[in-house]
Amino acid sequence: MGEALQLDGKQQYWAVPANQRNWEAGRGDFTLELWVRVANPPRTMNIVDKRDPQPHGYLIYATYGRAGFQVSNEGEVLYALDADRTLNNK
């Protein structure tokens, strides 16, 4: 108990330095799981951004009430957007 990260949902954030190798996606399968509370923003909001300037890495974001995911590696960028469901704060 007491090991979870809890933020106020307004101005707090948690930053992982870019050189933290254990947070990189690598070349194999990986899983990310998180619970977020969003207020259906009228713009795109980054939730988890683990990309370097190339860009290489992954991004989880919310855009117009939808959940999105981006993964990029060596110039190739792939996106996934859940068009069937909206984010729900219930």
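Let's start with one pair of residues: I60 sits across from F69, which belongs to β3. Keep that pair in view, and I'll build the rest of the picture around it. One thing to say early, everyone: this is a predicted model.

So where does that pair belong? Strand β2 covers residues 57-63 and strand β3 covers residues 66-73; the two run antiparallel and are joined by 7 bridges. Another of the pairings you can look for is Y61, whose bridge partner in β3 is G68. Now follow the chain from β2 into β3. The hairpin there has 2 residues between the strands, and Y64 takes a positive phi near 50°.

Let's carry on along the chain. β3 also pairs with β4, again in the antiparallel sense, over 6 bridges. If you'd like a residue to click on, try V71: its bridge partner in β4 is L78. How many residues lie between β3 and β4 in their hairpin? There are 2, and E74, in the turn, has a positive phi of about 50°.

Now please zoom out with me. The chain has 4 strands and 0 helices, and from the N terminus the elements read β-β-β-β. The 4 strands make an open sheet, ordered β1-β2-β3-β4, with antiparallel pairing. Which strands stand at the edges of the sheet? They are β1, residues 44-51, and β4, residues 76-81; each has a single partner strand, so one side of each is left without a neighbour in the sheet. From one strand to the next, the twist averages 15°.

Let's stay with β1 for a moment, as I47 is found in that strand. Is I47 buried or exposed? The answer is partly exposed, with a relative accessible area of 30%. I47 also belongs to a nonpolar patch on the surface, together with L32, L34 and V36. Taken together, the patch has about 270 Å² of accessible area.

Finally, a few numbers for the whole chain. There are 90 residues, and buried ones make up 17% of them. The chain exposes about 7,900 Å², with carbon and sulfur atoms supplying 50% of that area. And on contacts: taking those between residues at least 6 apart in sequence, 23% join residues at least 24 apart.

To close, let's go back to where we began. I60 and F69 stand opposite each other, and the strands around them, β2 and β3, are joined by 7 bridges. Thanks for listening, everyone!

Key
Residues numbered from 1 in each chain as written. Predicted model: local features only at pLDDT ≥ 70, side-chain atom pairs only at ≥ 80, totals over all residues. Heavy atoms only, no water. Pairing = 2+ DSSP bridges. Axes fitted to C-alpha atoms, helices over the stretch in contact; angles between N-to-C directions. Patch = residues over 30% accessible without salt bridge, like charges linked within 9 Å, V, L, I, M, F, W, Y side chains within 5 Å. Areas by Shrake-Rupley, 256 points an atom, 1.4 Å probe, with all protein chains shown as cover. Salt bridge = Lys/Arg side-chain N within 4 Å of Asp/Glu carboxyl O. Buried < 20%, exposed > 50% of the residue type's maximum accessible area, 1.4 Å probe, protein only. Contact = heavy atoms within 4.5 Å.
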